[in-house]
2 protein chains.
Amino acid sequence: MKDENSFILKGNIIYSESPTKLICIPQSYLICMEGKVEGVYQEIPSEFENLLLKDHQDALIIPGLVDLHTHAPQYANRGLGMDQELLHWLEQNTFPEEEKYADLDYAKKAYSIFAADLRKSATTRASIFGTIHKQSTLLLMDLLETTGLGCMVGKVNMDRNSPAGLCENRQQSMEDTLSWLMESKSKYRRITPVITPRFLPSCTDELLKDLSRICRSYQLPLQSHLSENLDEIDWVKELFPKAIGYADAYSQLDLFGNEIPTIMAHCVHLTNEEMDLIYENRVFIAHCPTSNTNLSSGIAPVRAFMDKELLVGLGTDIAAGNTLSIFQVMVAAIQASKLRWRLKDQDLKPLTIKEAFYLGTKGGGSFFGKVGSFEKGYEFDAIVLEDNSIKYPQSLSLEERLERVIYLSHIKDKYVNGNCISLLD
Amino acid sequence: MKDENSFILKGNIIYSESPTKLICIPQSYLICMEGKVEGVYQEIPSEFENLLLKDHQDALIIPGLVDLHTHAPQYANRGLGMDQELLHWLEQNTFPEEEKYADLDYAKKAYSIFAADLRKSATTRASIFGTIHKQSTLLLMDLLETTGLGCMVGKVNMDRNSPAGLCENRQQSMEDTLSWLMESKSKYRRITPVITPRFLPSCTDELLKDLSRICRSYQLPLQSHLSENLDEIDWVKELFPKAIGYADAYSQLDLFGNEIPTIMAHCVHLTNEEMDLIYENRVFIAHCPTSNTNLSSGIAPVRAFMDKELLVGLGTDIAAGNTLSIFQVMVAAIQASKLRWRLKDQDLKPLTIKEAFYLGTKGGGSFFGKVGSFEKGYEFDAIVLEDNSIKYPQSLSLEERLERVIYLSHIKDKYVNGNCISLLD
């Protein structure tokens, strides 16, 4: 029973069962059996007493954070060029940077930085956009595999309305996608491919239909963007006049959930009908409040999503989002919901800290299976937070300490599927 | 000519002359003479060539940041209790914490943490609220003096609508204020007192008039709160029905600028008439976007303030604001202005990075005199930013590097009036 993926962590255990149910169990034992959560115990049951015990003393132990939407090649642009809206920003900042990833040397330099920083962050799972370039996307997957994190990675597809250096033709896009899939599908322990049309304006209907067929044939998930910016939404209406909206356009192209596990990032300006479609098709929403703020896109009505029981997680959306920290995105989600409540709609109450914590763990984690909680049978993804580096004069409850580390995070240790991840430089 | 407050820093020099004019001078010499900026030169003029030279190589050197509004006793509460609005939050979180500062031992423990963290931050000047307690406010001033930072600190006055443990009577409030002034007025090199009525609802008209007289007699500045929250504004209307608004109430009590240098924090919901009064009376606005977001107060129309040429700086407003970093407040100011533009008023354009940088340096610094710029004759307050700890694959301009450190700050060195401040734990 002494394999390296079975062990016990001792500390203050905190996790979400639901958006409103936060479990806080002080000074207890979190048991990992073969990479999965066995349970949380006040005393170690006799059958587990031979397992290795790591005592984290007064530290907080929480599920690893889940980033449901980010762009690896844009990490080079984080904290830059923030004075624009989406469509100009793509032209001015994003596309010129992404073109550089045709050069494998540049990709190696840039993706090594991204992979190292993601490894050291509190994130244990992420769904990631690469670029259109097959080789550099494979390189990104190689680099991420060495981190030990669990990631879905997509080679991006774009065959219209894109600069020359980033515009594929449909046939080449399909060939590259298929050959990328052949090389990557079974190569890695914890990195898997995800079909990634950039967004509707940058893909022809034909290419999108091809990609839908690939998802079905190879049983692959899909990630894209939906309803981020008002100009973008108008543009989609022009490009796809037979749809009643942006979500319906994807749906008519057979790219909107149901048997294809799907993440749609943003969803800032959805209609009620679009929310219903998202519910029916079990599409995941990646809520990206730092990005939606930085690009002046608006504030997604997350309270409405939760009231309608939509599936929602959080995304950093680097580099429109300026931080790789899902803790900071939790804070931003709460802050944005407060401003939306104050400025726009007092029927939609702000998010609470508990709800934001749920979204950044179990909410997004569900896209990866049983991920983001410490309930029995969940993948053992955990981070250990040593908040004694945050000095304070008063005594605090566990729930208060969780709130504080969300606002001011400090990580001590990190596990994915029961494997300890290095946090060294 | 070799006194310790005269020296030369070499590096990439960046500072604001105005909200739209950012000066970036690569690889040049910033000369400090007796604690004041002598100038920025491409070559060292012969009369200065005997000065000590510190070569910061490729680092960025910018003016120290200015925090125009924060609460030292609330630092213990940072990142906690963020799910409330102002008036409840004061009752639930703030007042119970501030009551503890009657105990000097507790105050020492808490204020030592605050002072050390402020010292290590990028802030070089701050205007700070203490509590009503005279002794612990003096202790705070003692601790801040040892940091070397330049701070204005106020013993708070409150004689109504406050919990028993924080409610002074008018006479005691005045006696304590006067004796605190006697002890503190000339005791320190860089710490000075500022008269600090908490806000209109917590002070009787009589006490406020007393405080106005003290400001005039002793030539002291004043800091308070104005127009933060809608319920608060309604309450002020009830309490002071003869005023046409919140600012007018202060003005009728002789506590609104003109010969009294005045900071009013927040100013989220001002009328046009109130903005005119602020302009006429040369009142400084401390814009606190992290706080205004966290307490769901709203978004102050900073673009309108700047169009009207009001005097504006930034405040962290700990603990309604969750961060002591003015860099993060710059980011929050830009973000809030974008959301206000998107959700409420497309006539008021979002702030740019240049404007936010100005607000956090020269904008707020002007309250302290010639502070917040590297123009000749300014106080030599500087920070050295070593952004090579932020890895990136591309080459960047100085202006891009400034934007990046604002979003992702790293401090190497810090000076106040030409004195180097320790950044060690």
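Start by selecting residues 104-120 of chain A, which make up helix 2. Its 17 residues reach 24 Å from the first C-alpha to the last, close to the 24 Å expected at 1.5 Å a residue. Keep in mind as you go that this is a predicted model.

Now show the side chains of helix 2 in chain A. Which of them are buried? The buried residues are Tyr106(A), Ala107(A), Ala110(A), Tyr111(A), Ile113(A), Phe114(A), Ala115(A), Leu118(A) and Arg119(A). Colour that set, and pick out Arg119(A), which is among the buried residues of the helix.

Next, go to the N-terminal end of helix 2 and add Asp103(A), the residue that caps it. Draw a distance from the side chain of Asp103(A) to the backbone of Asp105(A): a side-chain oxygen of Asp103(A) lies 2.9 Å from the backbone nitrogen of Asp105(A).

**The parallel sheet of chain A**

Leave the helix and select strands 5, 6, 7 and 9 of chain A. Together these 4 strands form an open sheet in the order 5-6-7-9, with parallel pairing. Where are its edges? Strand 5 (65-71) and strand 9 (191-193) are the edge strands of this sheet in chain A, and each pairs on one side only. Look across the sheet and you will find neighbouring strands turned by 20° against each other on average, direction ignored.

Zoom in on strand 6 (residues 123-129) and strand 7 (residues 150-154) of chain A, a parallel pair with 5 bridges. To find your place along this pair, label Ser127(A) and look opposite for Met152(A) in strand 7 of chain A.

**Strand 4 and its partners**

Still in chain A, select strand 4, residues 52-63. One partner is strand 1 (residues 7-16), which pairs with strand 4 in the parallel sense over 6 bridges. A handy pair to label here is Ile13(A) and, opposite, Ile61(A) in strand 4 of chain A.

Then add strand 15, residues 382-385 of chain A. Does strand 15 run parallel or antiparallel to strand 4 of chain A? The two pair in the antiparallel sense, over 4 bridges. Label Pro63(A) to find Ala382(A) standing opposite in strand 15 of chain A.

**Over to chain B**

Bring chain B into view. Chain B can be laid on chain A with an RMSD of 0.0 Å by a turn of 180° and a shift of 0.0 Å along the axis. The two copies are thus related as by a two-fold rotation axis. To see where chain B comes up to this axis, select Leu343(B): its C-alpha is the one in chain B nearest the axis, 3.3 Å from it.

How do the copies meet? Of the interface residues of chain B, 100% are also interface residues in chain A, so the copies meet through the same surface.

Chain B has an open sheet of 4 parallel-paired strands in the order 5-6-7-9. In this sheet, select strand 7 (residues 150-154) and strand 9 of chain B, which pair in the parallel sense over 3 bridges. Here Val153(B) has Pro193(B) in strand 9 as its bridge partner.

**Last stop: a hairpin**

Finish with strand 2 (residues 21-33) and strand 3 (residues 36-41) of chain B, which run antiparallel and are joined by 5 bridges. Cys32(B) stands opposite Val37(B) of strand 3 in chain B. Strands 2 and 3 of chain B form a hairpin with 2 residues between them. Select Glu34(B) in the turn, and check its backbone: phi is positive, about 50°.

Conventions: Residues are numbered from 1 along each chain as its sequence is written. Chains are lettered from A and ligands numbered from 1 in the order in which they are written. This is a predicted model: local features need pLDDT of at least 70, side-chain atom pairs count only at pLDDT 80 or more; totals for chains, interfaces and linings use all residues. Side-chain values use heavy atoms; hydrogens and water are left out. Two strands pair if DSSP finds at least two bridges between them. Axes are lines fitted to C-alpha atoms, for helices over the stretch in contact, and angles run from 0 to 180 degrees between N-to-C directions. Copies are superposed by least squares on the C-alpha atoms of residues with pLDDT of at least 70 in both. Contact means heavy atoms within 4.5 Å. The expected span of a helix is 1.5 Å times one less than its number of residues. Buried means under 20% relative accessible area, exposed over 50%, partly exposed in between (1.4 Å probe, protein chains only). A polar contact is a pair of N or O atoms within 3.5 Å; within protein, one must be able to donate a hydrogen and the other to accept it, and residues adjacent in sequence count only if both atoms are side-chain atoms.
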